[in-house]
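Here is a short tour of a fold, its bound ligand and one of its helices. Please keep the structure open beside you as you read.

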Amino acid sequence: MKHVLPYQDIEIGKKEQVTQMFNNIAVKYDALNTFFTLGIDNHWRRMVIKELSTFNPKYILDIATGTCELAMRMTELQPREITGVDISNEMLLEGDKKIRKKGLDHIINLKLGDGEKLPVPYNYYDAATIGFGIRNFEHPEIGLREVYKALKPGGACVILELSKPENFPVKQFHNFYSKRIMPFCAKVVSNDVNAYKYLPKSVNAFIYGKEMLTLLEKVGFVQTRLKEMTYGIASIYIGIKPK
Ligand SMILES: C[S@@+](CC[C@H](N)C(=O)[O-])C[C@H]1O[C@@H](n2cnc3c(N)ncnc32)[C@H](O)[C@@H]1O
């Protein structure tokens, strides 16, 4: 796995750069997400909820919760508790505003923290999710080991991440869109062009498909499986912590 950095010309590590980048784009994050994915990201999050529903989770951990889009949807599953963790304070502040506005603050609690050193109890959660987050980790394997520890035996890890379509013509269109159209539009609508140049580069450098399942298995998860969505532009990966 190659390391791709949002800002090539500053000498701080990936974790600090990623935190800075999400702090910069937090206020516009939701709107830009919808703009760049034409709203398909919401369909992908709905698919995560569908997968989660089969586990009937009561205690859920949402790592890299950001502005809480996924965490808020999870309330449909009527869990007792959702804990959202994120390394970017600004993203959490945006999430917190939305949670309070919808009166969901009695179910969702937010913690500032690193997914590679989770500020949560171990063997506690029925399910843990990471939505579009693991690709940004400095050490994804360490992050997954933390997820494993946080889950109860029998608990489910559900990861939603961008992946790479492999078939003509979606592959060619996806390349053109992410390398040309997205950075061009980002210049016009975003306050951080580097963030939207980093996005396609980080997808390109990150593992996907069977390689991701192999990593989950290396960490100890069993019954791993993946579900490709929208011709492979995004994928859901599932693994279970053995009982
Ligand atoms: C693309 S956003 C996804 C937010 C949300 N899950 C969603 O579905 O919209 C990625 C999030 O991952 C967070 N993140 C990146 N590295 C992290 C880490 N090491 N620990 C916790 N959060 C991290 C970022 O701060 C950002 O909020």
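A residue counts as buried if 20 or more other C-beta atoms lie within 10 Å of its own, exposed if 12 or fewer, and partly exposed in between, with C-beta atoms placed from the backbone. This is a predicted model, where local features need pLDDT of at least 70, side-chain atom pairs count only at pLDDT 80 or more, and totals for chains, interfaces and linings use all residues. Residues are numbered from 1 along each chain as its sequence is written.

Helices (H or I, at least four residues) and strands (E, at least two) are DSSP runs, numbered from the N terminus. By the burial rule, His-174, Ser-178 and Ala-186 of helix 7 are buried. The buried residues of helix 7 pack against helix 8 (193–205), contact being C-beta atoms, placed from the backbone, within 7 Å.

Next comes the sheet. Its seven strands form an open arrangement in the order 3-2-1-4-5-7-6, with mixed pairing; two strands pair if DSSP finds at least two bridges between them. Strand 3 and strand 6 each have a single partner strand, so one side of each is left without a neighbour in the sheet.

| Edge strand | Residues |
|---|---|
| Strand 3 | 108–112 |
| Strand 6 | 222–229 |

Strand 2 and strand 3 pair in the parallel sense over five bridges, and Asp-86 has Leu-112 in strand 3 as its bridge partner.

Finally, the ligand is surrounded by 22 residues, near meaning a C-beta atom, placed from the backbone, within 6 Å. Helix 1 gives the largest share of this shell, three residues.

Notes. Two residues are in contact if their C-beta atoms, placed from the backbone, lie within 7 Å.
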